[in-house]
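Here are some short exercises to work through with the model open beside you. Try each task before reading its solution.

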Amino acid sequence: MKAFAYLFPTFFKTVLKVYLALAGIAYLIDLSEQSRLLSKYQPGLADLLLYCLGRLPWLAFQLAPIAGLLGALLTLYLLGARQELTAL
């Protein structure tokens, strides 16, 4: 049980970092794909924020499995690099 209490925060932080990085990249790609519409209609900052918030549920659904898998791999790598995985 102590191993779970040690591993879960490490895993959660890693998954969160990976998720935020992937979400940032996905938003940049999405906005670049929509650049033609953005240049045509000249939306304000509030409209861009509403667009990003509207895409958030779809993006969260798409990125959650990828972030979980990459977070698990990075967690195991970090624990192995610091030789903590062997100690557990």
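**Exercise 1. Leu16**

Decide whether Leu16 is buried, partly exposed or exposed, then place it in the fold.

Solution. This is a predicted model, so the values here are computed from predicted coordinates. Step one: the relative accessibility of Leu16 is 42%. Step two: buried means under 20% and exposed means over 50%, with partly exposed in between. Leu16 therefore counts as partly exposed. Step three: Leu16 belongs to helix H1. Step four: look across to Gly68, which is 52 residues away along the chain. The C-alpha atoms of Leu16 and Gly68 are separated by 8.7 Å.

**Exercise 2. Leu69**

Find the helix that holds Leu69, and work out whether Leu69 is buried or exposed.

Solution. Leu69 sits in helix H3. Its relative accessible area is 61%, and the cut-off for exposed is over 50%. Leu69 is therefore exposed. Now compare positions in sequence and in space: Val18 and Leu69 are 51 residues apart along the chain, and their C-alpha atoms are separated by 9.7 Å.

**Exercise 3. The H1 and H3 pair**

Describe how the axes of H1 and H3 are arranged: how do they cross, and at what angle?

Solution. Begin with the extents: H1 covers residues 2–33 and H3 covers residues 45–81. Their axes come within 5 Å and cross at roughly 135 degrees. For the class, note that over 145 degrees would count as roughly antiparallel and 65 to 115 as roughly perpendicular. The angle makes H1 oblique to H3. The crossing of H1 past H3 is right-handed. Finally, sort the residues of the contact between H1 and H3 by class: there are 26 nonpolar, five polar and two charged residues.

**Exercise 4. A charged residue in H1**

Is Asp30 buried or exposed, and which residues does it touch beyond its sequence neighbours?

Solution. Asp30 lies in H1. With 9% relative accessibility, Asp30 counts as buried, since the cut-off is under 20%. Leaving out residues up to four places away in sequence, Asp30 touches Tyr51 and Arg55.

**Exercise 5. Two backbone angles**

Locate Gln42 and Gln83, and say what is notable about the phi of each.

Solution. A reminder helps first: most residues other than glycine have a negative phi. Gln42 is not a glycine, yet it has a positive phi of about 50 degrees. Gln42 is in the loop between helix H2 (35–41) and H3. At 61% relative accessibility, Gln42 counts as exposed. Gln83, also not a glycine, has a positive phi of about 60 degrees. Gln83 is placed in the loop between H3 and helix H4 (84–87). With a relative accessible area of 60%, Gln83 is exposed.

**Exercise 6. The whole chain**

Count the helices and strands, then judge whether the chain is spread out or a compact globule.

Solution. There are four helices and zero strands, giving the pattern α-α-α-α along the sequence. The radius of gyration is 18 Å, while the globule rule gives 12 Å for 88 residues, so the chain is more spread out than a compact globule. Along its principal axes, the C-alpha trace spans about 60 × 20 × 20 Å. Buried residues make up 17% of the 88 residues. Last, take the contacts with a separation of 6 or more: residues 24 or more positions apart account for 83% of them.

Terms used
Residues numbered from 1 in each chain as written. Predicted model: local features only at pLDDT ≥ 70, side-chain atom pairs only at ≥ 80, totals over all residues. Heavy atoms only, no water. Axes fitted to C-alpha atoms, helices over the stretch in contact; angles between N-to-C directions. Parallel < 35°, antiparallel > 145°, perpendicular 65-115°, else oblique. Left-handed = near helix turned anticlockwise from the far one by under 90°. Nonpolar A, V, L, I, M, F, W, Y, C, P; charged D, E, K, R; others polar. Rg over C-alpha atoms; globule rule 2.2 N^0.38 Å. Buried < 20%, exposed > 50% of the residue type's maximum accessible area, 1.4 Å probe, protein only. Contact = heavy atoms within 4.5 Å.
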